[in-house]
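Student: I should like a close look at one part of this protein, followed by a connected account of the parts around it. Please begin with the surroundings of the ligand.

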Amino acid sequence: MAMLGKRRPSRPASNKSGLARQESAKQTPNAETAREQALTIERLAHDGRGVGHLPSGKAVFVDQALPGEHVEIATHVTRKRFDEAHIRERLSTAAERVTPPCPHFGHCGGCDLQHMSVPAQREHKREVVRDLLAQGLTWQGDIGTLKSDTDAYRRRARLGVNVDREGHVLMGFRAQRSHRLVDIASCCVLVPELQALITPLRDLLGTLQSPRDVGHIELLSTSDTQVVVVRQLKDQPKDVERWKAFAQEQGVALGMRSGRDSIDRDSLNRDNPERAKSQADAPELHWVGAPPMLNDTLALSGFEPLTLAFSPGDFLQVNAAVNQQMVAQVMQWLAPQKGQQLLDLYSGIGNFSLPMAAAGAKVQAVEGNPAMVAQLAANAHHHDLPVMAQQANLNSRKSVDALLKETPTEAVILDPPRGGAESVCQALATISTKTHPRPRIAYISCDPSTLARDAAYLVHGGYRIAHVFMADMFVHTAHMETLMLLEPPA
Ligand SMILES: C[S@@+](CC[C@H](N)C(=O)[O-])C[C@H]1O[C@@H](n2cnc3c(N)ncnc32)[C@H](O)[C@@H]1O
């Protein structure tokens, strides 16, 4: 998931993003006077920047420029094959352009697309998926859309905290393509309950004895609890008292992580989920006051609501309404039956496993993070559902082969991190069909370029892409979820 702190979508394999190859780049500080040019924007790159061409034929990626617009640009980075630029003056305006709802847009790296209408953002995201699937797979079917009504969707966020040279306390997200922290006074994509905490948090930071010792602040919202977790780099007892008073005043649950090492949750997105175990010595979360009960609720039509308990360190889909639609869509595709054997890979705390089991399927859930495996098992037990939770590294072909051999399954759910599910798809593409038919596959992806790569293994192995949806989980950013149903060869 993408988090607000993550500013750029992944770099797709094609050079349509303009970011695929790390060419030597020359910053051109005086470029604004030296390299002014006017050009027409022809299309959007995958990361949402406008693409035009100089008279020489060289491509230019222009921040916040829209197709059809005629713009005078100032180049800020020159590369061998393309330049990067921003708009110096807009000479014509596209119909899709809107006034960005956030005053920090353009500085803060949390959002990339606020200058486009939301329908235009969605069309762009569908186009990115279409483009990636057309490249290696020559797939050109329709792409459906899952979306929510509100733009204030983020139920969790991590705010960086910094003190600048003049002693000003900054709180916010990183700037685009930079580690610089942008101080924010508001954030319109947070759910209202979290938006309401921004001003009180800024006020509080201004009163702390040592704001330098605050690393970052995590915010988390459930339907009945708001949580603030403070990363305290060095103990400051007087400041802890101020945080306690803040928590009481705001009616939020307060957690503290003290010490220098931070939990590197992203390590799971690399190769070794076992690393999660070695993170046990990272600063532990201590609740100040009674630990809150954190629950996510899935209310799917035709089913009793399912509550999934979780801890602040667990993976949680960031947009509750779109998540609910994704789960419903996967349920509709796989139509779980009583007794049907189903494999939920990259299962987290059971977002897909529990509804599938509630519909009667026998679910085997596989997750890399041991804490989440335990949480999933507890969630299934709480609802008395037949889910077997197991820990495994799904990047290891050996583990995946063993798993598929042991577990004949009729359907597989794949919901990997951004790196995708290459080992799993390579294994599923070549799975033996002697003893049982190949499973149907519902793939939920947060990076369409790795989805396209993985789907190619399956298609070359005989699978057929039956349906594709773009789920607009991260409105105003270039990120998206993509859902794909793959049918096995007859
Ligand atoms: C995008 S999340 C999806 C979680 C869950 N399906 C959901 O909808 O909430 C990806 C999950 O994959 C897990 N994961 C990451 N790398 C893994 C690996 N190599 N092996 C197994 N699980 C991994 C993460 O811990 C995380 O829970």
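How many nonpolar, polar and charged residues does the shell around the ligand have?

Tutor: The model is a predicted one, and what follows should be read in that light. By class, the shell around the ligand comprises 10 nonpolar, 9 polar and 2 charged residues. In total, 21 residues surround the ligand, and the closest are Tyr346, Gly348, Asn351, Gly368 and Asp415. The shell is drawn from two domains: domain 2 (156–221 + 226–288) and domain 3 (295–487) each supply at least three residues.

Among the closest residues, Tyr346 deserves particular attention. Tyr346 is located in the loop between strand E18 (341–345) and helix H7 (353–358). The phi angle of Tyr346 is positive, about 65 degrees, although the residue is not a glycine. Most residues other than glycine have a negative phi. Tyr346 has 22 C-beta neighbours inside 10 Å and therefore counts as buried, the threshold being 20 or more.

A second positive phi, in a residue other than glycine, is found at Arg177, where the value is near 50 degrees. Arg177 also belongs to a loop, here the one between strand E10 (169–174) and strand E11 (181–183). Arg177 is partly exposed, because 13 other C-beta atoms lie within 10 Å.

Strand E18, which precedes the loop of Tyr346, is part of an open sheet of 8 strands. The order in this sheet is E8-E23-E24-E22-E21-E18-E19-E20, and the pairing is mixed. Strand E8 (143–146) and strand E20 (387–391) are at the edges; each has a single partner strand, so one side of each lacks a neighbour in the sheet. From one strand to the next, the twist averages 15 degrees. At the E8 edge, the partner is strand E23 (residues 464–471), and the two run parallel, joined by 4 bridges. Within this pair, Leu146 is opposite Ala471 in E23.

Domain 3, one of the two that contribute to the ligand shell, can be followed further at strand E17 (residues 306–309). In a regular strand the side chains alternate between the two faces of the sheet. In E17, Leu306 and Leu308 point to one face and are buried, whereas Thr307 and Ala309 point to the other and are not. E17 pairs with strand E16 (residues 295–298) in the antiparallel sense, over 4 bridges. One of the residue pairs here is Asp296 with Leu308, its bridge partner in E17.

Domain 2, the other contributor to the shell, may be approached through strand E12 (residues 214–221). Of the 8 residues of E12, 6 are buried, so the strand is largely enclosed by the rest of the structure. Two antiparallel pairings involve E12. With strand E9 (residues 156–163), E12 shares 5 bridges, and Arg156 stands opposite Leu220 in E12. With strand E13 (residues 226–232), E12 shares 7 bridges, and His216 stands opposite Arg231 in E13. E12 and E13 form a hairpin, with 4 residues between them.

Thr207 is found in helix H3 (residues 192–207). This threonine has 12 C-beta neighbours inside 10 Å and so counts as exposed, the limit being 12 or fewer. Thr207 and Arg242 are 35 residues apart in sequence, yet their C-alpha atoms are 8.4 Å apart in space.

Another residue to examine is Met116, in the loop between strand E7 (82–90) and helix H2 (118–137). Met116 is buried, because 22 other C-beta atoms lie within 10 Å. Leaving aside residues up to four places away in sequence, Met116 touches Leu66, Glu96, Arg97, Val98, Gln121 and His124. The C-alpha atoms of Met116 and Val129, which are 13 residues apart along the chain, are separated by 18 Å.

These details may be placed within the whole chain. The secondary structure of the protein chain comprises 11 helices and 24 strands. Of its 490 residues, 44% are buried. Among contacts in the protein chain with a separation of 6 or more, 65% are between residues 24 or more positions apart.

Terms used:
Residues numbered from 1 in each chain as written. Predicted model: local features only at pLDDT ≥ 70, side-chain atom pairs only at ≥ 80, totals over all residues. Contact = placed C-beta atoms within 7 Å. Near = placed C-beta within 6 Å. Nonpolar A, V, L, I, M, F, W, Y, C, P; charged D, E, K, R; others polar. Domains from an automatic or database assignment. Pairing = 2+ DSSP bridges. Axes fitted to C-alpha atoms, helices over the stretch in contact; angles between N-to-C directions.
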